[in-house]
Amino acid sequence: MSPVSTKASTAVDARTSVTSPASPSSPPPSAPGAPDSPDVPGGADSRMAPGGPGFRRMSFALFLAGVATFALLYSTQALLPLLSGDLGVSAGDASWTVAAATGGLAVCVLPMSALSERYGRRTVMTASLAVAVTVGLLVPFAPSLGSLVALRALQGAALAGVPASATAYLAEEVRPKALVTAIGLFVAGNSVGGMSGRVITGWVAQEWGWRVAVGVIGVLAVACAVAFRLLLPAPRHFRPGSLRPRVLLGTVRDHLANPLLRRLYAIGALFMTVFGGVYTVIGYRLAEAPFSLPQGVVGSIFLVYLVGTVAASAAGRLVGRLGRRGALYAAGGTTAAGLLLSLAGSLPLILLGLVLITGGFFAGHAVASSAVGRTATEGRAQASALYQSAYYVGSSAGSTVGALAFHSGGWAGTVGVGLVAVTGVVAITVLGTRAARVERRALAPA
């Protein structure tokens, strides 16, 4: 729906997240007699909330889905120096093993969201993880860079069903006031997956090579996928939608016509441009002189992702204190400070810079993605898919451009790319702040 027809943007409070025109205490309507109709005795909200039945199981299941997704998606990122040496390719060529996976996800997330609207969130997430972990077990046997990139692209395309469905599942099954917290836990799973994948591959590869390392990640992902399917509660508020292209294109068009959603999509892409560039290149910087760190230690640098776990989980409290835009300003400023600090020649200062970059990124991502879920009152899977598509386009762009900038200008070149992207986040948030002020004045009584 466009803001003209929904008046969604008029419900923005200066100190809270975006709200939808529907009452936050009322679950979405469903067709009478539908098997998945919400159980709403006496008009009470039957959606899940912290402390309520099913919330912990749901949170842990989606946490595991996030772990599997990010562990697989970025399984080669910490191994790029080894890939370059073993396959005889440059940093830019090796970075395609990351960019192909994120690019495949970006291209397929919207079609996956359509399947999610028709066949259900849990079904699509389960199928996506099943295909992705199967491909993950084949990746160690890739004979060349070309075949490796092709398998990684297929893996990313399969994984697209998880982010395309997870946010929509949460928006339907969790009460609005708990949505930022729930999505923060899912994003925290992403950070744990990204961290564990990189740390495990770093130490395993140091002893047995990169092929064994990515094989271990494949086995870990299988375990997470099985546990996810066993734990995730069946959806109670899902209403099947249409697979007709005309209907889907109309929904996408309405989302893209919403200026608030467009801003959130751009913010997600720019934050991920920073993050993708930094973590694609940092392994090369630390493996080279003057640091010359061994592969296991380079992989352990990704323990910094634990900061992202905390930051994503705390995003709800941050929004409560600063408001959505205030939280985005804080996340952007923290990321920029980290980029500047990482220019230092001291390893402790570089690590502190990575801490700030990681915390700022995950906080900003959790805030922006949860705002998408609350803004879209219809076609939530498509709204989330558009965000995820922009987000992973940013990841692919950051990985590729960051590697090229490092090749031509060293770490300072990668930092320069990141600072441009952060400046874009702040500028877009300023525009949103001004638009909200104009809207409030227009709605103020004469």
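# Notebook: helix packing and selected residues

I began with one helix pair: α6 and α10 cross in a left-handed sense. The model I am reading is predicted.

**Entry 1. α6 against α10.**
I looked up the geometry of this pair. Helix α6 covers residues 121-138 and helix α10 covers residues 210-231. Their axes are 9 Å apart, and the packing angle is about 160 degrees. An angle over 145 counts as roughly antiparallel, so α6 is roughly antiparallel to α10.

Next I listed who meets whom. From α6 I noted R122, M125, T126, L129, V133, G136 and L137. From α10 I noted V214, G218, V219, A221, V222, A225, F228 and R229. I then sorted this contact by class. It holds 10 nonpolar, 3 polar and 2 charged residues.

**Entry 2. α6 against α7.**
I stayed with α6 and turned to helix α7, residues 145-159. The two axes come within 8 Å and cross at roughly 165 degrees. That angle is also over the 145 cut-off, so α6 runs roughly antiparallel to α7. I checked the hand of the crossing as well. α6 passes α7 left-handed.

The α6 side of the contact consists of S128, L129, V131, A132, V135, G136 and L138. The α7 side consists of L151, L154, Q155, A158 and L159. By class I find 9 nonpolar residues, 3 polar ones and no charged ones.

I compared the two α6 lists. L129 and G136 are named in the contact with α10, and L129 and G136 are named in the contact with α7.

**Entry 3. The loop between α12 and α13.**
I moved on to backbone features. The peptide bond joining A289 and P290 is cis, with omega about 10 degrees. Where does P290 sit? I place P290 in the loop between α12 (259-287) and α13 (295-300).

S292 lies in the loop between α12 and α13 too. Its phi is near 50 degrees, a positive value in a residue that is not glycine. Is S292 buried, partly exposed or exposed? Its relative accessible area is 45%. Partly exposed runs between the 20% and 50% cut-offs, so S292 counts as partly exposed.

**Entry 4. R244.**
I looked up R244 in the loop between α10 and α11 (245-257). Its relative accessibility is 56%. Exposed means over 50%, so R244 counts as exposed. I also took a distance across the chain. R244 and A114 are 130 residues apart along the chain, yet their C-alpha atoms are separated by 9.2 Å.

**Entry 5. Q388 and S389 in α17.**
Helix α17 spans residues 380-443, and Q388 is in it. S389 is found in α17 as well. I asked of each whether it is buried or exposed. Q388 has a relative accessible area of 4%, and S389 has 18% relative accessibility. The buried class is under 20%, so both Q388 and S389 count as buried.

Which residues does Q388 contact, setting aside neighbours within four places in sequence? I find V109, P163 and T167. With residues up to four places away left out, S389 touches A106 and V109. V109 is thus listed for Q388 and for S389.

**Entry 6. L356 in α16.**
L356 belongs to helix α16, residues 347-375. I read a relative accessible area of 27% for L356. That value falls between 20% and 50%, so L356 is partly exposed.

Not counting residues up to four places away in sequence, L356 touches T334, T335, A337, G338 and L341. I noted one distance here. The C-alpha atoms of L356 and G308 are separated by 9.3 Å, with their positions 48 residues apart along the chain.

**Entry 7. The whole protein.**
I closed with totals. I count 17 helices and 0 strands. The protein has 446 residues, and 58% of them count as buried. The exposed area is about 16700 Å². Carbon and sulfur atoms supply 68% of that area.

How many of the contacts between residues at least 6 apart in sequence join residues at least 24 apart? The share is 82%.

Methods
Residues are numbered from 1 along each chain as its sequence is written. This is a predicted model: local features need pLDDT of at least 70, side-chain atom pairs count only at pLDDT 80 or more; totals for chains, interfaces and linings use all residues. Side-chain values use heavy atoms; hydrogens and water are left out. Helices (H or I, at least four residues) and strands (E, at least two) are DSSP runs, numbered from the N terminus. Buried means under 20% relative accessible area, exposed over 50%, partly exposed in between (1.4 Å probe, protein chains only). Contact means heavy atoms within 4.5 Å. Accessible areas come from the Shrake-Rupley method with a 1.4 Å probe; for residues, only the protein chains shown count as cover. Axes are lines fitted to C-alpha atoms, for helices over the stretch in contact, and angles run from 0 to 180 degrees between N-to-C directions. Angles under 35 degrees count as roughly parallel, over 145 as roughly antiparallel, 65 to 115 as roughly perpendicular and the rest as oblique. A crossing is left-handed if the near helix is turned anticlockwise from the far one by less than a right angle, and right-handed if clockwise. Ala, Val, Leu, Ile, Met, Phe, Trp, Tyr, Cys and Pro count as nonpolar, Asp, Glu, Lys and Arg as charged, and the others, Gly among them, as polar.
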